[in-house]
Amino acid sequence: MLLWALLILPPVLAGTCCVARSARRVLLLASVGGAGWAALAGATASAAYASGPLFAARGWLYLDALSAYHLAVLGLVFGASSVYAWGYFQGELADGTLSLRSARRFGALWFGSAAAMTAVLLSNNLGLMWVGIEATTLLTAFLICVHVTPLSLEAMWKYLVVCSVGVAFAFVGTLLVAASAQRLGLDASEMLLWTRLRESAALLAPGPMKLAFLFLLVGYGTKAGLAPLHSWLPDAHSQAPAPVSALFSGFMLNTALYCLMRYLPLVEGATGGTGWGGGLLVVFGILSILLAAVFIVFQQDGKRLLAYHSVEHIGIIALGLGLGGIGTFAALWHTLNHAVCKALAFFSVGRLGQMYGTHDLGRMAGAMRRSPVWGIGFFGGVLALIGVAPFAIFMSEFQILRAAAAAHAFVALTLFLLGAGIVFVGALRHAMTSAWGEEVCEPKLQPGGVADAVLVFGALALLLLLGLWMPGPLRTALEQAALIVGGRP
Amino acid sequence: MNDGAGPDAVLALLIITDLLLLGSSRLRSCITITALQGVVVSLLPVLLHGAEGAVRPWILTGGSMILKGAVFPWLLLRVLRESGVRREVEPFVGHTLSVVAGVAALMFSIWVGTQLNLPGPVAPNQTLMVPAGLATLLIGLFLIVSRRTAVTQVLGYIVVENGIYTVGVTLVGGVPMLVELGVLMDVFVAVFIMSIAAYHISREFDHIDVDQLNQLRG
Amino acid sequence: MNWTVVIPPAAGLLLAPLLFGVINRTKALFAGRHGQPLLQPYFDLGKLLRKGATYSRTTTWVFRAGPIVGLSATATALALTPMGGLPAPVRFSGDVLLFAYLLCLARFFTVIAALDTGSSFEGMGASREVLFSALAEPALLLSLAAVARETRTLSLSGMVGSVSAGTWLSQGPALALVAVALGVVLLAENARIPVDDPTTHLELTMIHEVMLLDHGGPDLAFALYGAMLKLWVLGALLVGLAVPVRSGNPLVGAGAFLGGMVVLAMLIGVVESSMARLRLLRVPKLLVGATALAVLALILILG
């Protein structure tokens, strides 16, 4: 029913894109189809919350509170990016740099990656989940290269090799999980079902599970952008067109973290709840935050800056997950906040880049004066990202600090504050220059549209709203999801 | 070890092909060696589980052999032909040292194997299979990191997958068929896309020396 | 004492030059020539023994001792070598190490005799010979260690004698690897293609031949005969492992062994005719590869 519709719609749309008559039609299909699919995703998610977990395909497809929440976030990001893509590619359509072939490829791969990410979220079978993640790598690779240039090829190659190898490691982890489940005596078709493993997590063999989690952390961590495995991130994000970057940062990284969230209760159950898995996550999280902080200070390129911000925020989410308790709740909330914020920031930087012809922050100085909508979008987005109150990101980071204090993880607390502080100063400097600095280049202004204003101000308003007040349904949704991952709400 | 002659031979061939790959600098022979390794590794399901009478191992073996023995070499040879490269550029780690490193990886994997106490349907006389698979994985990783040609990096990825396949078939007998097919499909599409990417790289840059793709920094 | 123990060394002493004859004949056949008679090496040795020797004024007793010590060491190693199922006259636990060291001694004296002449060509050949032998040593010892582990004995006669068809059935892959590693060591130690070209005339490309350049007459005969015995001894090891005919009848065993040696000589001839010599820089790769195979065989037998 709903689950199957969610899975089948994107490939159908992808197929339609392949036979579209003109690049314009492809983009129209992309934006409308994307928005429509997003609505379907939202409906499915709320259905799951209302009536409890949804099953399909003899238990291989599964939608519980955790995956429904992520599905809703995916829908939001995907829908917004699809609508944005329509505006973004207008200039290229007009002067013909977007050929029909590239447009068709873009449309097909765009929906293909949505299908793959949905498959990851919906699958109950851990092996199929892995297949989905590998598929996201493969399908998004050529999205980086919508325009085949030397730099984009370089970024794509690095992305392909690093992520494929990382995901191969994750497969070893999946195999080891299956090996540790041997003693449960499950039937072959049920052995990798998450629901079954979760029920009997305490019975899994601890030794292989620990090794498995290590491999999984390295593997899915590469895909998520945890340091030190993040080397592909800045290149891929900076070379891809803005809608693709928004999808990457806004959702694809979260998909990989989602997989880790599925494995965390398994490993905690197998090791007796000692927090071994959580400890590893905390280490990787702090490492990501600190590494990203250092690189942010020296960045000149706008999109690379945002990419390092993604590394930092993924580190924060991992930190929260690792701390447990309130940390899990805050980490999940942070997922939503970061997705919205990052999408907004990439949208703005993408359009500003088109206007100024470069992504170099120094040359984009004075953007807010020239292009109010996108300038405010960029400045507001960066402010929110670095954790300025009262935006939502500040609130979720604060909750994670509380969780760290509650868990007596004072070293982690101090390092987190240190990293966040460095990021604050470094990124603020960049943002202020680009918003109010002396103008260096003459931008090519593009006519703004209603859609642009809605995207920017809607996103900012959402972030502000969430920072000030948490709606009841959202709170319940987060609590249910956090319960699944294993923390107290 | 009487009935272990088949898996033993697979084991020996697996490691020999690993070491040959490490020491070889001609790209065509590297592709052939990897194809041979893929075919040898594909025989494992039949050798280990074929006696049970199910059809599954045979389908897996057949599909895997076609993919790794015919399709992958064809794709990669096409890239070689387009780019006109014959020999490997001098790698970061010399060939002789690479072979020594490969033997060291084998030693390390055997040590890890003794420390692990893995459960699973590992017959007592197959205790070297998992370390061999691990060693192949490490050697594939080494190839990716230490070699400069795009084609060799793709070969390294295939070798990593061969190693994982060996570990998987030995450790876990009952992964559902759909998942196995999905994995095979994924590997196929991965290699396909990588070869297309390598082709684009050779067209755009006139070489496939990945070390020179270093414009994006910082 | 059992009269059958005399057979291995006697066969070696008598038939070693025949191996060279078979190799040369095979190479000639490949080249489409009729080739030398099979017994030509015997005639060459006889001719050399009848000649006089000339010694340079710059050489010392070392130069004269080289070929003599080389031949005696190799002949002593021959006393340790079994012939398939027939044990050698001298055998004790650990004689495998003595075997390796005797070959080492022979090589050492050849090298210092070459260095004693003070000529640059000999010096060059000496350094190459030492390098390649140093790399081939681990391969030899590790292969023998693998076989020793399998047969639980440290005596050459015991090792080769215990390898039967049953051992091959159960440890086939490992023994195959040992055979390949020993084959490479054989080619390296005996200065055969692809390590060295025995028929080259260019001193710059020689390794083993150049060390014999200044010897003449009986000295050259000793050195040549020593090389033939070395080929026999290492070949005997390889054939003993590869041809596992272990019936009780000494004649059947000896016959199978001799057949194996002839096939080995023909194989060497085929390899020499079909390959070119490897570049000097690539020979270490080959030897390290052989060592890796030996390590693998050892691991397979241990595991």
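Begin with the whole complex coloured by chain, and look for where the chains meet: of the 2 pairs of chains that touch, the pair with the most contacts is chains A and B. Keep in mind throughout that this is a predicted model, for which the predictor gives the complex an ipTM of 0.86 and a pTM of 0.81.

**The contact between chains A and B**

Select the residues on both sides of this contact, where 37 residues of chain B are in contact with 38 residues of chain A. On the side of chain B that touches chain A, the elements to pick out are α6 (129-146), α7 (150-171) and α8 (177-205) of chain B, each of which gives two or more residues. Highlight α8(B) in its own colour, for this helix provides the largest share of that side, 13 residues. If you then colour that side of chain B by residue type, you will find 25 nonpolar, 9 polar and 3 charged residues.

**Chain A by itself**

Next, hide the other chains and show chain A as a cartoon, in which the secondary structure comes to 20 helices and 2 strands. The radius of gyration of chain A is 21 Å, close to the 23 Å that the globule rule gives for 489 residues, and therefore chain A is as compact as a globular protein of that length. Turn the chain along its principal axes, and its C-alpha atoms fill a box of roughly 65 × 55 × 45 Å. Of the 489 residues of chain A, 64% count as buried. Among contacts in chain A between residues at least 6 apart in sequence, 82% join residues at least 24 apart.

**The contact between chains B and C**

Now bring back chains B and C and select the contact between them, which takes 17 residues from chain B and 14 residues from chain C. On the side of chain B that touches chain C, the elements that give two or more residues are α1 (5-23) and α5 (95-116) of chain B, and the largest share, 7 residues, comes from α1(B). Coloured by residue type, this side of chain B divides into 11 nonpolar, 5 polar and 1 charged.

**Chain C, and the gap to chain A**

Finally, select chain C and colour it by confidence: the mean pLDDT is 89, and 100% of the residues of chain C reach 70 or more. Within chain C, confidence is highest in helix α2 (residues 40-50), at a mean of 94, and lowest in helix α6 (residues 156-162), at 87. With chain A shown again beside chain C, you can check that these two chains do not touch, their nearest C-alpha atoms being 22 Å apart.

Definitions and conventions: Residues are numbered from 1 along each chain as its sequence is written. Chains are lettered from A and ligands numbered from 1 in the order in which they are written. This is a predicted model: local features need pLDDT of at least 70, side-chain atom pairs count only at pLDDT 80 or more; totals for chains, interfaces and linings use all residues. pLDDT is the predictor's confidence in each residue, from 0 to 100. Helices (H or I, at least four residues) and strands (E, at least two) are DSSP runs, numbered from the N terminus. Two residues are in contact if their C-beta atoms, placed from the backbone, lie within 7 Å. Ala, Val, Leu, Ile, Met, Phe, Trp, Tyr, Cys and Pro count as nonpolar, Asp, Glu, Lys and Arg as charged, and the others, Gly among them, as polar. The radius of gyration is taken over C-alpha atoms; the globule rule is 2.2 Å times the number of residues to the power 0.38. A residue is buried if 20 or more other C-beta atoms lie within 10 Å of its own, exposed if 12 or fewer, and partly exposed in between; C-beta atoms are placed from the backbone.
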